[in-house]
Protein chains: 2
Amino acid sequence: MKLKVLWPGKIRNDAVRQLQEFYLNRINQLAQCEIVVTREAKGLLEKHAGRIKEIEARGLEKHIEDDYIICLFDKGKKMNSPEFSRFLKKAGESPARTVTFVAGGFLGLPERILNRADFLLSLSSMTFSHELIRIMLLEQIYRSLSIVNGRQYAK
Amino acid sequence: MKLKVLWPGKIRNDAVRQLQEFYLNRINQLAQCEIVVTREAKGLLEKHAGRIKEIEARGLEKHIEDDYIICLFDKGKKMNSPEFSRFLKKAGESPARTVTFVAGGFLGLPERILNRADFLLSLSSMTFSHELIRIMLLEQIYRSLSIVNGRQYAK
């Protein structure tokens, strides 16, 4: 299974970035996975949401290609971890096609990217900071791969 | 509003512990909140789950008193962040009564503690590591207090 994780702008909080590395290392013991930090719209106020999202959409599109795209979206589908694990296994079965997760920036994902998605995934009914949700995603990818590989993974 | 957060055993991952401090500091700008690390059953294999949970139940009970108890539980009630914010505001309205959140250890919470709870809360359909879920809880408490206080808090 070949995985890619895209998000605009690097994680700024040091501890959160350490967790990004922690989970990426663990994931890489089980599957090929790279995180691609795409262009972030900087220096624009929130009232320019349209321009911010346009810039970030273009940055993301450069890395999407013909992948199977899973976007994080708060109104997306919810699954429990065994369901997500089966879903990920199935999505990754075609060896020629990368499974690409996309998480948004401060303002969430541009509509154009959501429309392009093969699947919209919600990790929780609650809203989490866009930095923390990235770690939750990585943790869940690692957990899924552990389940697929028959490893026991701690609660 | 007076808040308390209980869990057995301190967080071992350095980056996760840094995030605990990060969110606790932010929470403390808005409300009185303390984290109490209760006794953790150490050196027992998972097959001794009953004994582990008994030890951890006793440790938690020492700090529960007459509080309003909210236990994290994967089959608990799900809320979105504005709902959780209103719920927390209401729970904290009685000034004499502390609102106490309880998160489990590696094996989850003992049944006795779950039975004692005034409310069972689920943060997600998915299972997260018991260390990461603690951070998710703190983030969500901080977010709720920000909403209650009319502060804008970033996605």
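Let's start inside chain B, where strand 1 and strand 4 pair in the parallel sense over four bridges. One of the matched positions is easy to find: Lys4(B) has Thr100(B) in strand 4 of chain B as its bridge partner. Keep in mind as you look around that this is a predicted model.

Strand 4 of chain B, residues 99-102, also pairs with strand 3, residues 68-77 of chain B. Here too the strands run parallel, and four bridges join them. At this side, Ile70(B) has Phe101(B) of strand 4 of chain B as its bridge partner. Strands in a sheet are held together by backbone hydrogen bonds, in either a parallel or an antiparallel arrangement.

Where do the residues of strand 4 of chain B point? Val99(B) and Phe101(B) point one way, Thr100(B) and Val102(B) point the other way, and all are buried. That fits a general pattern: side chains of a regular strand alternate between the two faces of the sheet.

Now step back to the whole sheet of chain B. It is an open sheet of five strands in the order 2-1-4-3-5, with parallel pairing. Its edges are strand 2 (32-38) and strand 5 (119-121) of chain B, each of which pairs on one side only. On average, neighbouring strands of this sheet are turned by 30° against each other, with direction ignored. Lying across strand 1 (2-8), strand 2 and strand 4 of chain B is helix 2, residues 49-61. Helix 2 of chain B runs at about 160° to strand 1 of chain B.

Turn next to chain A, where an open sheet of five strands has the order 2-1-4-3-5 and parallel pairing. Strand 2 (32-38) and strand 5 (119-121) of chain A are its edge strands, each pairing on one side only. Strand 1 of chain A, residues 2-8, is joined to strand 4 of chain A by four bridges, and the two run parallel. Within chain A, Leu6(A) stands opposite Val102(A) of strand 4.

Strand 4 of chain A is also a good way to reach helix 3, residues 81-91 of chain A. In this helix, Ser81(A), Phe84(A), Ser85(A) and Leu88(A) are buried. Viewed down the axis of helix 3 of chain A, the buried residues fall within an arc of 105°, so they line one face of the helix. What do the buried residues of helix 3 of chain A pack against? Their partners are strand 4 (99-102) and helix 5 (130-148) of chain A.

Beyond strand 4 of chain A comes a loop that leads to helix 4 (111-116), and Gly104(A) lies in this loop. Is Gly104(A) buried or exposed? It has 25 other C-beta atoms within 10 Å, and a residue needs 20 or more to count as buried, so Gly104(A) is buried. Setting aside neighbours within four places in sequence, Gly104(A) is in contact with Leu72(A), Leu109(A) and His130(A). For a sense of scale, Gly104(A) and Gly150(A) are 46 residues apart in sequence and 31 Å apart in space, C-alpha to C-alpha.

Another loop is worth a visit for its backbone. Most residues other than glycine have a negative phi. Glu65(A), however, has a positive phi near 50°. Glu65(A) sits in the loop between helix 2 (49-61) and strand 3 (68-77) of chain A, and it counts as exposed because 11 C-beta neighbours lie inside 10 Å. In chain B, Glu65(B) has a positive phi of about 45°. Glu65(B) is placed in the loop between helix 2 and strand 3 of chain B, and with 11 other C-beta atoms within 10 Å it is exposed.

Finally, how do the two chains relate to each other? A rotation of 180° with 0.0 Å of shift along its axis superposes chain B on chain A, with an RMSD of 0.0 Å. The two copies are therefore related as by a two-fold rotation axis. In the interface, 27 residues of chain B are in contact with 28 residues of chain A. Helix 1 (14-28), helix 3 (81-91) and helix 5 (130-148) of chain B each supply at least two residues to the side that touches chain A. The largest share, six residues, comes from helix 5 of chain B. By class, this side of chain B has 13 nonpolar, ten polar and four charged residues. Of the interface residues of chain B, 100% are also interface residues in chain A, so the copies meet through the same surface.

Key
Residues are numbered from 1 along each chain as its sequence is written. Chains are lettered from A and ligands numbered from 1 in the order in which they are written. This is a predicted model: local features need pLDDT of at least 70, side-chain atom pairs count only at pLDDT 80 or more; totals for chains, interfaces and linings use all residues. A residue is buried if 20 or more other C-beta atoms lie within 10 Å of its own, exposed if 12 or fewer, and partly exposed in between; C-beta atoms are placed from the backbone. The arc is that of the directions from the helix axis to the C-beta atoms. Two residues are in contact if their C-beta atoms, placed from the backbone, lie within 7 Å. Ala, Val, Leu, Ile, Met, Phe, Trp, Tyr, Cys and Pro count as nonpolar, Asp, Glu, Lys and Arg as charged, and the others, Gly among them, as polar. Two strands pair if DSSP finds at least two bridges between them. Copies are superposed by least squares on the C-alpha atoms of residues with pLDDT of at least 70 in both. Axes are lines fitted to C-alpha atoms, for helices over the stretch in contact, and angles run from 0 to 180 degrees between N-to-C directions.
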